[in-house]
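Here are a few exercises to work through with the model open beside you. Try each task before you read the solution.

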Amino acid sequence: MIPAAFAYHRPRTVHAALRLLLAHGHDARILAGGQSLLPMMKLRVVTPAHLIDIGRVASLRGIRLSQGVLRIGAMATHREIESSPRVRRAAPVLAETAAVIGDLQVRNLGTIGGALVHADPVADYPATVLALDAEFTLLGPAGARTVPAAEFFLGLMTTAAGPDELMTEIAIPAAPPRFGAAYLKMPNPASGFALTGVAAVIGLDQSGRCVHVRVGITGVASAAYRASGVEAALAGAEPTDEALAHAAAFAADGVLANSDIHASAEYRAHLAGVLARRALTLARDRAGTVRRRGRSASRA
Ligand SMILES: Cc1cc2nc3c(=O)[nH]c(=O)nc-3n(C[C@H](O)[C@H](O)[C@H](O)COP(=O)(O)OP(=O)(O)OC[C@H]3O[C@@H](n4cnc5c(N)ncnc54)[C@H](O)[C@@H]3O)c2cc1C
């Protein structure tokens, strides 16, 4: 299919991109990697009259690690995130997540900003940025504002980003010692998108108890969410296999799970529990202490 006709703009600065966005309003769309927008335009699901290509805005690129915060430009590609030594050091689970997105071609072009604003309910990053307590910088006519990941994903492909706002940066606190994280997904065999995906982060205190637990889940509902029931069940707990299994059972608690041709709501909710248990177990093991069935052993 061929997209409807559009005017193409290629600004070189964030402010020039914003001016274009303001000038053309609802008729305009930002073009990042084009991996979601162009297929939608070809299917004529969206028909923007103006495309604002931000591929040449240098300030939106780059990955920095400074004062304990990882700062990722919205135009960083999945491949750059997957292979960045800074991401691997400060938030290895984000690199792990990027590595399971689509194929190499998609990862070479697709960007983290594009994926987050697109907010596909079966996309991978949303689970991980929720579990990592990420914050997003949105720049609009009124200036810049920061939105925590927990307040960003509002519904089916709906986010807190306004149509006149540009996502410029993703900030993630670097993992402190004794923190472990994991992202696991059950890929849809046809598309590779997450039928269900679970990101878990566990922080342990000196005695091996959970002082920090975050679980982000994608693929189950119309928007990615924090599994607060799982987090509450593990607060202050010893992360034994039994405790993790008990907590994981709350993975889809209070959530309206989606049913479609790919999977029933029951199956998705079941997968959320299974993957939550596995991701929590891996996160705990990576945090540095392996605890099984009441016995505990420190890992080197
Ligand atoms: C074959 C294939 C397989 C895929 N598999 C997976 C997968 O397994 N897992 C997964 O998570 N994703 C998958 N994707 C989607 C992929 O990750 C896309 O890269 C991503 O969804 C969109 O990023 P993009 O940079 O291409 O954005 P674009 O397609 O350019 O834009 C997407 C939307 O975001 C808006 N936008 C883009 N950047 C900004 C910004 N900085 N500020 C404001 N708005 C912005 C655009 O206007 C548009 O509405 C797949 C895609 C394809 C084609």
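**Exercise 1: the neighbours of β10**

Strand β6 (residues 135-140) pairs with β10 in the antiparallel sense, over five bridges. A word on ground rules: this is a predicted model, where local features need pLDDT of at least 70, side-chain atom pairs count only at pLDDT 80 or more, and totals for chains, interfaces and linings use all residues. Residues are numbered from 1 along each chain as its sequence is written.

Task: find the residues that stand opposite each other on β10, and work out how covered the strand is.

Solution.
- Step 1. Fix the terms: helices (H or I, at least four residues) and strands (E, at least two) are DSSP runs, numbered from the N terminus. Two strands pair if DSSP finds at least two bridges between them.
- Step 2. Look at the β6 pairing, where T137 stands opposite E169 in β10.
- Step 3. Now take strand β5 (residues 69-73), which is joined to β10 by five bridges and also runs antiparallel to it. Here I72 is opposite I170 in β10.
- Step 4. Check burial, counting a residue as buried if 20 or more other C-beta atoms lie within 10 Å of its own, exposed if 12 or fewer, and partly exposed in between, with C-beta atoms placed from the backbone. Six of the eight residues of β10 are buried, so the strand is mostly covered.

**Exercise 2: the shell around the ligand**

Task: say which elements line the ligand.

Solution.
- Step 1. Count a residue as near if its C-beta atom, placed from the backbone, lies within 6 Å of the molecule.
- Step 2. There are 28 residues around the ligand, and G33, Q35, G102, G110 and G114 come nearest.
- Step 3. Two or more residues each come from β2 (28-31), α7 (112-118) and β10 (166-173).
- Step 4. α7 gives the largest share of the shell, five residues.

**Exercise 3: a sheet and its helix**

Task: trace the open four-strand sheet and find what packs on it.

Solution.
- Step 1. The order is β11-β12-β13-β14, with antiparallel pairing.
- Step 2. β11 (179-187) and β14 (225-226) are the edge strands with a single partner each, so one side of each has no neighbour in the sheet.
- Step 3. Between strand β13 (residues 210-218) and β14 there are two bridges. I217 has Y225 in β14 as its bridge partner.
- Step 4. α11 packs on this sheet and touches β11, β12 (194-204) and β13. Contact here means C-beta atoms, placed from the backbone, within 7 Å. The direction of α11 makes about 35° with that of β12; axes are lines fitted to C-alpha atoms, for helices over the stretch in contact, and angles run from 0 to 180 degrees between N-to-C directions.

**Exercise 4: two positive phi values**

Task: where are M157 and R178 found, and are they buried or partly exposed?

Solution.
- Step 1. M157 is in the loop between β8 (153-155) and β9 (158-159). Its phi is near 50°, a positive value in a residue other than glycine.
- Step 2. M157 has 15 other C-beta atoms within 10 Å, so M157 is partly exposed.
- Step 3. R178 is in the loop between β10 and β11, with phi near 65°, again positive in a residue other than glycine.
- Step 4. R178 has 17 C-beta neighbours inside 10 Å, so R178 counts as partly exposed.

Notes
Two residues are in contact if their C-beta atoms, placed from the backbone, lie within 7 Å.
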